Amino acid sequence: MKSARALCRCVQIRCVSMAVEMRLPALHKHVSITPSQSHRDDKHLVVPGDVITSDTGFMRGHGTYMDEERLTASVAGQVERVNKLICVKPLKTRYNGEVGDVVVGRITEVQQKRWKVETNSRLDSVLLLSSVNLPGGELRRRSTQDELAMRDYLQEGDLISAEVQSIFSDGALSLHTRSLKYGKLGQGVLVLVSPSLVKRQKTHFHNLPCGASVILGNNGYVWLYPTPEQQDEEAGGYYTSMEPVSRADREVISRLRNCLLALAAHKVLLYDTSVLYCYEASLPQQIKDILKPEVMEEIILETRQRLVEHEG
């Protein structure tokens with residue numbers, strides 16, 4: 001009996017010492033959106049099986065099929081119309097590249113005169129040896145020695161930033177890194193989001209005022225890294241600093257990473273302004289608390305409010 005009582009006391013003591021985290025619902029601010037803005041954001045969304053139109057004068061595009069002379073959606077997404085052509089743009093899909101897109105990818109294979117790159121598309125992309133800058137910025141024909149030294153430039157597992165140069169007939173992307181802003185990526189954090197959430201802009205390279213930089217890849221791969229003090233042009237885009245990253249920079253990058261995940265979870269378009277507003281809204285919170293549901297919702301509400309005021 002004594003041993004049983006001692007066991008019960010031990011269990012009680014352990015139960016009392018366990019830390020229980022309780023979170024209460026918070027009062028959220030009301031976001032006021034004008035009627036013109038709400039009308040602008042009201043997109044025609046459909047799900048598979050929805051009838052888009054019964055008018056036979058329209059042509060069938062991607063994401064649609066004909067059912068008893070009615071144009072019907074085959075995927076969940078947003079209806080887009082160009083003259084007489086109607087298609088449905090899927091809300092969630094693999095990356096469909098366009099010429100000029102900025103992408104972040106990972107080297108998966110080194111082949112003869114080319115690298116295979118994983119870019120979140122249906123097929124691996126291709127980076128030709130002739131489409132890269134050699135160290136020193138030399139412009140010359142690629143020799144056998146260059147081909148033998150390909151792994152000195154890029155090897156399996158390396159992350160790169162590149163631009164879509166062309167699209168092959170099978171849909172695979174051909175990349176190039178001929179500009180000094182492209183090339184091998186060094187120390188940083190890779191965040192994966194849906195490609196449909198990345199807003200198309202003139203530039204996808206941003207040095208944020210908080211002390212970190214971001215590459216918003218059109219393919220949904222976002223790269224966060226400390227803002228470099230200077231660019232080594234002699235390396236031709238293949239010099240990567242391995243200096244230790246300071247604690248302050250790591251905290252900024254970690255906060256930005258959680259902000260990106262919060263924006264993606266609430267389907268907010270990712271571009272420099274939305275990322276910066278979300279970062280500033282998260283400053284009163286600890287980095288680890290940003291991903292808590294009620295804290296995340298409060299941060300996103302404040303971010304949306306500021307975006308509405310900025311666009312207005």
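**Group meeting: salt bridges, strands and a covered helix**

Let's start with K292, which forms a salt bridge with D289, and the closest N and O atoms there are 3.0 Å apart. Before I go on, please keep in mind that this is a predicted model. So how covered are these two partners? K292 is partly exposed, with a relative accessible area of 21%. D289 comes out at 15%, and that counts as buried, because the cut-off for buried is under 20%.

That pair has company. How many salt bridges does the structure hold? Seven. The general idea is simple enough: side chains of opposite charge can pair when their charged atoms come close.

Another of these pairs is R151 with E156, whose side chains meet at 2.8 Å, N to O. Both ends have some access to the outside: R151 is partly exposed with a relative accessible area of 44%, and E156 is partly exposed as well, at 36%.

Now for a pair I'd like you to find on the screen: R200 and E98, with their side chains meeting in a salt bridge at 3.7 Å, N to O. What does this pair tie together? R200 sits in the loop between β14 (189-192) and β15 (205-207), while E98 sits in the loop between β7 (85-90) and β8 (102-111), so the salt bridge connects parts that are 102 residues apart in sequence. R200 is partly exposed, at 45% relative accessible area, and E98 is partly exposed too, at 43%. There's also a third member here, since E98, D101 and R200 are linked in a network of salt bridges.

I mentioned β8, so let's stay with that strand. Which strands does β8 pair with? One partner is β11, residues 159-167, in the antiparallel sense and over five bridges. If you want a landmark, look for V103, which stands opposite A162 in β11. Another partner is β9, residues 114-118, again antiparallel and joined to β8 by five bridges. Here the landmark is E109, standing opposite K116 in β9. β8 and β9 make a hairpin with two residues between them, and K113 in the turn has a positive phi of about 60°.

Next, a helix. Is α6 mostly covered or mostly open? Mostly covered: α6 runs over residues 272-282, and nine of its 11 residues are buried. Among the buried ones are V275, L276, Y277 and Y279. And what does the covering? That includes α5 (247-265) and α7 (293-311).

For a contrast, let's go out to the surface. M59, V82 and L85 form a nonpolar patch there, with about 270 Å² of accessible area together. Take V82 from that patch: V82 lies in strand β6, residues 77-82. At 53% relative accessibility, V82 counts as exposed, because the line for exposed is drawn at over 50%.

Last stop, the annotation. An unreviewed UniProt entry puts "domain: Exosome complex component N-terminal" on residues 45-82. What is that span made of in this model? The span is 55% strand and 0% helix, and its end C-alpha atoms lie 16 Å apart.

To pull out a few things to look for: the network of E98, D101 and R200, the hairpin of β8 and β9, and helix α6 with its nine buried residues. That's my tour, thanks.

How values were computed
Residues are numbered from 1 along each chain as its sequence is written. This is a predicted model: local features need pLDDT of at least 70, side-chain atom pairs count only at pLDDT 80 or more; totals for chains, interfaces and linings use all residues. Side-chain values use heavy atoms; hydrogens and water are left out. UniProt positions are given in the numbering used here, feature names are shortened, and annotations may be inferred rather than shown by experiment. Helices (H or I, at least four residues) and strands (E, at least two) are DSSP runs, numbered from the N terminus. A salt bridge is a side-chain nitrogen of Lys or Arg within 4 Å of a carboxyl oxygen of Asp or Glu. Buried means under 20% relative accessible area, exposed over 50%, partly exposed in between (1.4 Å probe, protein chains only). Contact means heavy atoms within 4.5 Å. Patches are made of residues with over 30% relative accessible area and no salt bridge: like charges are joined within 9 Å, nonpolar side chains (Val, Leu, Ile, Met, Phe, Trp, Tyr) within 5 Å. Accessible areas come from the Shrake-Rupley method with a 1.4 Å probe; for residues, only the protein chains shown count as cover. Two strands pair if DSSP finds at least two bridges between them.
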